[in-house]
Each structure stands twice: as C-alpha cells, then as structure tokens.
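Biologist: I am new to this structure. Please pick one part and take me through it closely, with the cut-offs behind each term.

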Amino acid sequence: MCLRLHVGGLCEALVGPRAPIWMSRLLLRELGNPTEALPKVVDEFIRPNFEAIRACVAGLMPRNTKPLDVAMHALSVIGQCLHYRHTAPITLRLLSFADYPADFSVRLARHVLSVTFRAIGRADLAPGEAAS
C-alpha cells in the first residue's frame with residue numbers, strides 16, 4: 001500500500017540504524033534559523049515526501065475531502081516521524097534507551113500508520129500495535 005511504503009521509508013530515513021545525523025542537524029538548523037538553503041531543502045527532500053504522502057492520503061479519503069484537510073493529514077504524518085528524530089535525546093531518555101532499537105523505525109511506522117488510518121476514518125486499514 002502506498003502510505004505504508006512512504007511512511008516506512010521516512011521512518012527508516014529518520015530513525016533507522018543508518019539514519020544520517022547530518023540530515024537531522026540540517027533540518028533543525030533550517031527550522032530554527034532559516035538560511036538560503038531552505039528552498040533547496042524543501043524542494044529536494046521535504047516537498048517530494050510531502051507530495052507522495054499527500055497523494056497516498058488523498059487516495060484513502062472521500063473524493064470530496066477538502067485539499068487543505070488532505071494536506072494537514074499528510075503534514076501530521078511527516079510531523080510524527082520528524083518528532084522522533086528531533087526529540088531523540090529526550091525521547092531516548094524517557095524510554096530508557098541509549099539509542100533507538102534496531103526495529104524502532106518499523107514500530108514507529110506501524111504506530112504512525114495506525115494513528116493516521118484512525119484519524120482519516122479508515123481504522124479498517126490500521127495495523128495492530130506491536131506488544132511492548
């Protein structure tokens with residue numbers, strides 16, 4: 001399924017075992033103190049992911065759903081994934097982890113999908129949450 005593929009890839013890129021730390025630092029810098037690099041960061045990384053996720057979400061919602069509502073659900077998906085990357089020092093401490101476990105990106109993707117499917121009224125598609 002489209003959304004599963006994109007959310008899984010985004011989670012892997014952000015919190016997977018091989019997630020590049022430079023990407024997180026760049027995104028945080030551009031969020032807090034935008035530079036001339038912001039348009040390039042948005043156009044080359046953020047917009048393609050947003051457009052792909054938005055298209056997936058739109059395909060799951062009623063045809064008469066307002067475009068802004070679809071976009072907000074897509075932004076929510078991205079925000080949930082980014083949250084775990086950008087708050088890693090705090091999140092890891094709260095969870096008593098030294099680092100995210102090897103399977104964390106898969107578990108995070110499952111969680112984000114579960115929340116998203118329920119939010120858009122498609123609980124029938126929601127994966128079961130993994131036992132802790």
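Modeller: The answer below looks at helix 4 and then at what surrounds it.

This is a predicted model, in which local features need pLDDT of at least 70 and side-chain atom pairs count only at pLDDT 80 or more, while totals for chains, interfaces and linings use all residues. Residues are numbered from 1 along each chain as its sequence is written, and side-chain values use heavy atoms, with hydrogens and water left out.

Helices (H or I, at least four residues) are DSSP runs, numbered from the N terminus. Helix 4 covers 67-86. From its first C-alpha to its last, this helix of 20 residues reaches 28 Å, close to the 28 Å expected at 1.5 Å a residue. That expected span is 1.5 Å times one less than the number of residues.

Next, the inward side. Buried means under 20% relative accessible area, exposed over 50%, and partly exposed in between, with a 1.4 Å probe and protein chains only. By this measure the buried residues of helix 4 are Val70, Ala71, Ala74, Val77, Ile78, Gln80, Cys81, Arg85 and His86. These buried residues pack against helix 1, helix 2 (21-32), helix 3, helix 5 and helix 6.

Gln80 is one of the buried residues of helix 4, with a relative accessible area of 17%. Leaving aside neighbours within four places in sequence, Gln80 is in contact (heavy atoms within 4.5 Å) with His111, Val112, Val115 and Thr116.

Cys81, at 1% relative accessibility, also counts as buried. The closest cysteine sulfur to that of Cys81 is in Cys11, 3.6 Å away and too far for a bond. Cys11 is buried too, at 0%. A disulfide is a pair of cysteine sulfur atoms within 2.5 Å, and the structure holds 1. That disulfide joins Cys2 to Cys56, with S to S at 1.8 Å. Cys2 lies in helix 1 (residues 2-15) and Cys56 in helix 3 (residues 38-60), so the link ties together parts that are 54 residues apart in sequence.

Helix 4 is also among the helices that supply at least two residues each to the largest nonpolar core, together with helix 1, helix 3, helix 5 (88-94) and helix 6 (104-119). Such a core is a set of buried Ala, Val, Leu, Ile, Met, Phe, Trp, Tyr and Cys residues joined through side-chain atoms within 4.5 Å. Of its 30 residues, Leu3, Val7, Ile53 and Phe117 touch the most other members.

Last comes the second largest pocket, lined by 13 residues, of which Leu27, Leu31, Ile46, Ile78 and Leu82 lie nearest its centre. On a 1 Å grid over the protein atoms alone, a pocket is an open set of points where a 1.4 Å probe fits, with protein on both sides within 12 Å along at least five of seven lines, and lining residues have an atom within 4 Å of a point. Helix 2, helix 3 and helix 4 each give two or more residues to this lining, and the largest share, 6 residues, comes from helix 3. Ile46 is in helix 3 and is partly exposed, at 32%. The C-alpha atoms of Ile46 and Ile78 are 9.0 Å apart, although 32 residues separate the two along the chain.
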